[in-house]
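New to this one? Take a moment to turn the structure around on your screen before reading on.

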Amino acid sequence: MKLEYSFQRETIDLSGFWHFRIDPENKGESEKWYEEPQVSEWDELYTPASWNEQDSRYTWYIGTAWYTRAFWLPEDWRSKLTLIFFDGVNYKAKVWVNGIYLGEHEGGFTQFAFRAEKALRFGESNRIVVMVDNTLTGKTVPPGAGMNATYFDFFHYGGIHREAYLLSVPKVHFKDVTIRTEIKGKDGILDIDLEIVNELEEECSCNVTMQVIDEDEAITEERTSVTIGPGAEKTIAQQITVENAEFWGPESPRLYTLRTKLAHDDSKGDVKDTRFGIRTVKVEDGKILLNGRPVFLKGFGRHEDFPVLGKALHGAVLRKDYGLMMYIGANSFRTSHYPYSRTHLDLADEKGFLVILETPAVGLRENVERLDDPEIVEKVCRMTREMIQRDKNRPSVIMYSLFNEPGSEREEFRNILMAAKEEARKADPTRPVTFASCRHLDDVALDLVDALCHNFYYGWYSNCGDLEAAAQTLSETLDELHRRFPEKPIIITEFGAGAIAGVHRHPPEMWSEEYQAELIKTYWKVLLSKDYVSGGHIWNFADFRVGQSPRRTTINRKGIFTRTRDPKLAVRVVKNLFTNTPTYR
Ligand code: GCB
């Protein structure tokens, strides 16, 4: 299926210029800036995008800032329900419409929505106001103490980073659709859960139709009916078989659509399309099995980061990035270190990428007092749930990474990992879970995950400049991990070296393009020599912005592409390595 969206539900996109004002003294709420903001005195910024690089006055701004814009609402939306969606606001958001408070959300990388009818004016102009606060503390997720004191290694942008939009749904509607797929011979078996809500004031008898659509044609159709009391919800479970199905995989990312329709007397009802691929993912006998075959992940840790846009990767940048990843022969990436945007992952489904979907739980280590602090545990669990809720139907997502480089040498880490894992299993029992460890042989929690993910920097932060020693340490560490956990596949989720584009050295030296290329080649050879290794992700796909520190030269230079996506010398080397490493091995 080609890049195509079918919106059966009416939406109003709020992308564009919004009025903007920073609030360093935190007085906006007490002065009620949400009531009738004097926007002629405010600045204007584009969203979705970060505030930092649109104007140098905001580059290092951390704290509270306000956004507002007007929008028109059609008269005929009145008879339905209206939700306001935000795909990502970093870090906290409070939302008002026409001066009426709708709610708040914490966490920069997960979607949230508010019901808005109580505040809306139909057939008229409306004003939305969003207060954004990107203050970091020891208990934000991720945590930190300031723009140059983040406990994570990427720039702490602020703002409305992803799309905001209004959505109109009928009073009886599909609240959620979950599709789990199994394979039986040549057939695909779909286990479908449809959650239906009735917000009418009377009982509703609805007819529900489910069609599997392939290339615009319905290939199966099931019908059922359900009666739902006023203000109640019901879940319908249905199994559908797709005969002679084409299965989803990197070589043929075949997508189907489930079209669900709901009809009843009082309204035209609801229609919702959900895209899916038929495939299975399992961890068995030390391998990651995709449709029963052992896969090898070739790819990158990445970031959503681009000049001027900040944390918003617009479609054109995403198109470019996928083109480059495919050119180089990659089949996989990790959403380091937070869930990426919907569009980002839509493309992964379409292009056949195997994605390790990571939560924003990065930096929970030495600077954090107690990793199992109830407040942190609650936030990590909620963000895990929100992430899975949005992405559970994606064929590209093969595994959940619950943390990046936590303090997993501390006994108490087990508590938060167990809580997050339970949350993930509850939301989705089908996918393996993991976290990216940097504690390796000192890690006390590896028994709790399905696959072992490790980030290694031998040859960079240790064994500096010595690739022979790096290869040996790597090899020995991997063998010992495998000896301890022979039933778990190992993925090297990070390895790499900083290279300043244009710096060349012979013999190769740290920070030169040659050294980066050599380090990657050296690691790849070790990985391929170990049967139990199921993949390698180079850190990083592209250079990315970070805070100021003596360890970094304005940006993190470990990209094999520059921040503007020009190739470094390693690109040719990686293309050669990736294209000569089969996906199934
Ligand atoms: C890591 C982190 C990643 C950093 C990287 C580096 O281990 O997971 O966020 O950017 O190292 O370059 O130091």
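Here is a quick tour, starting with the overall build and ending with the spaces inside.

## The overall build

First, a heads-up: this is a predicted model. The chain has seven helices and 32 strands. Its radius of gyration is 24 Å, close to the 25 Å that the globule rule gives for 585 residues, so the chain is as compact as a globular protein of that length. If you'd like a feel for the dimensions, the C-alpha trace spans about 75 × 65 × 45 Å along its principal axes.

How much of the chain is buried? Buried residues account for 61% of the 585. On the outside, the chain exposes about 23,000 Å², and carbon and sulfur atoms supply 47% of that area.

Contacts also reach across the sequence. Take the ones between residues at least 6 apart: 72% of these join residues at least 24 apart.

## Spaces inside

How many cavities of 30 Å³ or more turn up in a search of the whole structure? The search finds two. The table puts them next to the second largest pocket.

| Space | Volume | Nonpolar lining residues | Polar lining residues | Charged lining residues |
|---|---|---|---|---|
| Largest cavity | about 60 Å³ | eight | two | one |
| Second largest cavity | about 40 Å³ | three | two | three |
| Second largest pocket | about 870 Å³ | twelve | 13 | eight |

Let's go through them one by one. The lining of the largest cavity includes the phenylalanines Phe109, Phe152, Phe154 and Phe155. Tyr91, Tyr157, Leu136 and Pro142 line this cavity too, as do Asn90, His156 and Lys311. By class, that lining comes to eight nonpolar, two polar and one charged residue.

The second largest cavity draws on separate stretches of the numbering. His303 and Asp305 are part of its lining, along with the run Asn540, Phe541, Ala542, Asp543 and Phe544, and Arg565 is there as well. Three of its lining residues are charged, three nonpolar and two polar.

Finally, the second largest pocket, with its volume of about 870 Å³. Which of its 33 lining residues are the closest to its centre? They are Asp153, Arg365, Glu405, Arg551 and Arg552. Across the whole lining of this pocket, 13 residues are polar, twelve nonpolar and eight charged.

Notes:
Residues numbered from 1 in each chain as written. Predicted model: local features only at pLDDT ≥ 70, side-chain atom pairs only at ≥ 80, totals over all residues. Heavy atoms only, no water. 1 Å grid on protein atoms, 1.4 Å probe; cavity = no way out; pocket = protein on both sides within 12 Å on 5 of 7 lines; lining within 4 Å. Points joined across faces, edges and corners; volume = space filled by probe spheres on them. Nonpolar A, V, L, I, M, F, W, Y, C, P; charged D, E, K, R; others polar. Helix = DSSP H or I, 4+ residues; strand = E, 2+ residues; numbered from the N terminus. Rg over C-alpha atoms; globule rule 2.2 N^0.38 Å. Buried < 20%, exposed > 50% of the residue type's maximum accessible area, 1.4 Å probe, protein only. Contact = heavy atoms within 4.5 Å. Areas by Shrake-Rupley, 256 points an atom, 1.4 Å probe, with all protein chains shown as cover.
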